[in-house]
Amino acid sequence: MRSVSIKELLTGKELLQEITVNGWVRTFRSNRFIALNDGSTLNNIQCVVDFEKLDDAILRQVNTGAALKITGTLVESQGKGQKVEIQVRDIFVHGGADPEVYPIQPKKHSLEFLREKAHLRVRTNTFSAVMRVRSALAFAIHQYFRENGFYYFHAPIITGSDAEGAGEMFRVTTLDEKNPPLKEDGTVNFKEDFFGKETNLTVSGQLEAEAYAMALGKVYTFGPTFRAENSNTSRHLAEFWMIEPEMAFYDLDANMDLAEDFIKYVLSYVLEHCEEDLQFLENRLLDEEKTKPQAERSEMALIEKLKFITDNNFKRVTYTEAIEILRNSKPNKKKKFQYHIDEWGADLQSEHERYLVEQHFKCPVILFDYPAKIKAFYMRLNEDGKTVRAMDILFPGIGEIVGGSQREERLEVLKEKMAALDIPEEELWWYLDLRKFGTAVHSGFGLGFERLVLFATGMGNIRDVIPFPRTPQNAEF
Ligand code: 4AD
Ligand code: MG
């Protein structure tokens, strides 16, 4: 007999049929009610056992976490909170879960505790909801680009170039087979180079995406990227997924239009397709907020907040205007900025970004035309000679979610910028080629996928929206 998913069962199967489901036990109450979950939905199916008819040895294995195959009849439920339930005829135990040692018990576990159990935490409601929303967002991203004439481009993971010029790279080396793997002092022998050249894990697929945009027109990457920055925050990972569209013949305005439209599309998609999970995550947040003082609670609940984003325009402000606002601001009566911005040219700290978004404009903000000195070498220099056509999108509760720019397409200007930053031309000869042969205005941006998932799910820590987080502290899994 073909087994059905619990989602199918709960959304209209004919009653009184004999059915088979597979799943994991969430709870087993009163030796009678099994709540079974199979990941297809947040909801469990209640399976009612007549313990006198079932083998005791089998029932003893029905513990939280056990994997079961249940066969029985689908009937109308007498209990509250569910329409249907299964009258159990037979149970097959795929695998038990010893309650003495299985760590995920039917009680509230803290997110910190669950982080130590990254391989099992997805068996909880919170993590399964987050991961279903994450999957839906990934699907929506591909769908958006497909509908808008983009090609999916696969950037290399191992690369010789430092796309951001920030030196935050993981080096890729190989063990040196010619020499013994271990030196006398116990340290490991590495070959100096790979492919005869120093190589790293990519920090961004942008430079390679530019090459492809200059032939295919509109492309996007969606893959893992790596940053060896030692920042231990709730917004940074050493391995994160980035979406990077790159478009020939787009200037900065067109780039900003695309980024805004894209974010609204994918958030609308989850509003439409993940209602149950979002409602659960919203209730979870509301519960959490009850423990906070009134002033620290958010003004909007999760779903309302997502709708607010999809229904309102982002505010576009130049860096220079933002500095004026920050200079004249008083964050609130008691608190001052830790770093007050007095000088044009200073980089914004996350407290400034959050002030602009959460207190001043109270909506997402696109900051553009940044000082050239605080941005990467590839951004297009403005006529003023001191700002570049950069844009960052700042989100409430998150800070920077997107970083992008119009690219410097003029060979001579690009060479000058690289020289000023001591970037050798030999290192990026192929990138300079793109400016020698058929160069054109082009633009793109990078969206941090986990920051988007953070926003969509209302979770507070980036470690809780990626299956196996890599941070300086955590690479156990
Ligand atoms: O601003 P970033 O560094 O921009 C780039 O890499 C460009 N090459 C993108 C482009 O124009 N194609 O990174 C882009 C986004 C950030 O806005 C942020 O959302 C995310 O990537 N991000 C991180 N997310 C998690 N952990 C980290 N350590 C991140 N660093 C950047
Ligand atoms: Mg950035």
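## A quick tour of the sheet and its helices

Strand 12 and strand 13 (residues 365-371) run side by side in the parallel sense, paired over 4 bridges. Keep in mind that this is a predicted model. From that pair we can work outwards to the rest of the sheet, then to a helix lying across it, and finally to two helices that cross.

**The sheet**
- Let's zoom in on the strand pair for a moment: Val317 has Leu367 of strand 13 as its bridge partner.
- Strand 12 and strand 13 belong to an open sheet of 8 strands, ordered 6-10-11-16-15-14-13-12, with mixed pairing.
- At the edges you'll find strand 6 (151-152) and strand 12 (315-318), each of them pairing on one side only.
- As general background, backbone hydrogen bonds are what pair the strands of a sheet, in either a parallel or an antiparallel way.

**A helix across the sheet**
- Helix 6 (residues 252-273) lies across several strands, including strand 11 (239-248), strand 14 (387-395) and strand 15 (399-406).
- Strand 12 and strand 13 are also among the strands that helix 6 lies across.
- Helix 6 runs at about 30° to strand 16 (442-448).

**Two helices that cross**
- The axes of helix 4 (residues 125-147) and helix 7 (residues 275-289) come within 9 Å and cross at roughly 135°.
- That angle is why helix 4 and helix 7 count as oblique to each other.
- Their crossing is left-handed.
- On the helix 4 side, the contact is made by Asn125, Thr126, Ala129, Arg132 and Val133, while helix 7 brings Asp277, Leu278, Phe280, Leu281 and Arg284.
- Sorted by type, the residues of this contact between helix 4 and helix 7 come out as 5 nonpolar, 2 polar and 3 charged.

How values were computed: Residues numbered from 1 in each chain as written. Chains lettered and ligands numbered in written order. Predicted model: local features only at pLDDT ≥ 70, side-chain atom pairs only at ≥ 80, totals over all residues. Axes fitted to C-alpha atoms, helices over the stretch in contact; angles between N-to-C directions. Parallel < 35°, antiparallel > 145°, perpendicular 65-115°, else oblique. Left-handed = near helix turned anticlockwise from the far one by under 90°. Contact = placed C-beta atoms within 7 Å. Nonpolar A, V, L, I, M, F, W, Y, C, P; charged D, E, K, R; others polar. Pairing = 2+ DSSP bridges.
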